[in-house]
Amino acid sequence: MKYVVDFGRFWWDFVVGDDWRAAALVIVAIGLTAAVAASDIAAWWVMPLAVVLVLALSLRRASS
Amino acid sequence: MTAGVFLVLSAFLASAVEMVEALTIVLASGVARGWRSSLTGVGAAVLTLAVIVAALGPALTVIPINALRLVVGGLLLTFGLQWLRKAILRASGFKALHDEDEIFSRELAEARTAAPLLRGGVDWYGFTLSFKGVLLEGLEVVFIVLTFGSTQGSIPLAALGAGVAIVLVAGIGFAVRAPLARVPENTLKFAVGVMLTTFGIFWSTEGAGASWPGSDAALFGVLGFVIALSFASVALLRRRKRTMLVTAEAGA
């Protein structure tokens, strides 16, 4: 069991790191892009906008 | 063509950074615990990484491209934003710069004080130190090569970029037998963060069903956007750091 937990923790640290909120916002942004694209509206601008938001929030937390 | 150049360059830069870090650990292990144990650890780690690539590489190629781009794009974006965030914090003074000389000294001191642990003529501490160092740094290279390569439809091209970096860093490391402290590692990490974030934005958008104006050429636009955003973030945080220092001095 310990190995499974350690393995999971390794991949969590590896991909998500110390700011899980950033990862959560990325998932929300992907969902939003899919929703906008499905309604036949250009959706390429969603992810760049989301990255501005994610980076701003994450950097603000890390530097405060 | 555009994506191919980005692919090789990204795999090369990311692998070079990871290999510089792995080299520091292997050198510390070799100097403190003997080269036989250290190089055996390197060999075992490389073999493990090769097995992972051989197992996962073909499996990724059978996944539908849009599903792959969605998952890989999301993972790369999350992973890339981690790199970029740390690079911006380093460049603006909120996080200590990565210093290979300092890391080498610390690893060397720890390796020298650990008790000898011989098994089959191999020092177990030296073996484990090298094995873990190469495996963990190498896993990041494998992750980047497999995700970039499979999404772009060319794992061999990504592997070529990574392979050139590994041979180059290992060759220079063997020649100088010292940590590669002169490599502008913090700048390289910044560049890799920018590349990973760029690919992450591009692929996750395509995977979610949206199209880029100008198709593959939009990568340049996304790249320019991420670079501008990064430099603006560094400038804003530097100003914030200065204000914090002035406030702290005034309060002292």
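**Contact between chains A and B and the nonpolar core**

In this predicted model, 28 residues of chain B are in contact with 24 residues of chain A, contact being defined by C-beta atoms, placed from the backbone, that lie within 7 Å. On chain B, the elements that contribute two or more residues to the side touching chain A are α3 (65-91), α7 (185-207) and α8 (218-251); helices are DSSP runs (H or I, at least four residues) numbered from the N terminus. The largest share, eleven residues, comes from α3(B). By class, this side of chain B has 17 nonpolar, nine polar and two charged residues, where Ala, Val, Leu, Ile, Met, Phe, Trp, Tyr, Cys and Pro count as nonpolar, Asp, Glu, Lys and Arg as charged, and the others, Gly among them, as polar.

Residues are numbered from 1 along each chain as its sequence is written, and chains are lettered from A in the order in which they are written. Local features need pLDDT of at least 70 and side-chain atom pairs pLDDT 80 or more, whereas totals for chains, interfaces and linings use all residues.

In α2(A), Ala22(A), Ala23(A), Val26(A), Ile27(A) and Ile30(A) meet Leu70(B), Gly74(B), Leu77(B), Thr78(B) and Leu81(B) of α3(B). The residues of this helix contact comprise eight nonpolar, two polar and no charged.

The largest nonpolar core has 83 residues, a core being a set of buried Ala, Val, Leu, Ile, Met, Phe, Trp, Tyr and Cys residues joined through C-beta atoms within 7 Å (buried: 20 or more other C-beta atoms within 10 Å of the residue's own). Helix α1 (residues 2-33) of chain B gives the most to this core, with 18 residues.

Key. Two residues are in contact if their C-beta atoms, placed from the backbone, lie within 7 Å. A residue is buried if 20 or more other C-beta atoms lie within 10 Å of its own, exposed if 12 or fewer, and partly exposed in between; C-beta atoms are placed from the backbone.
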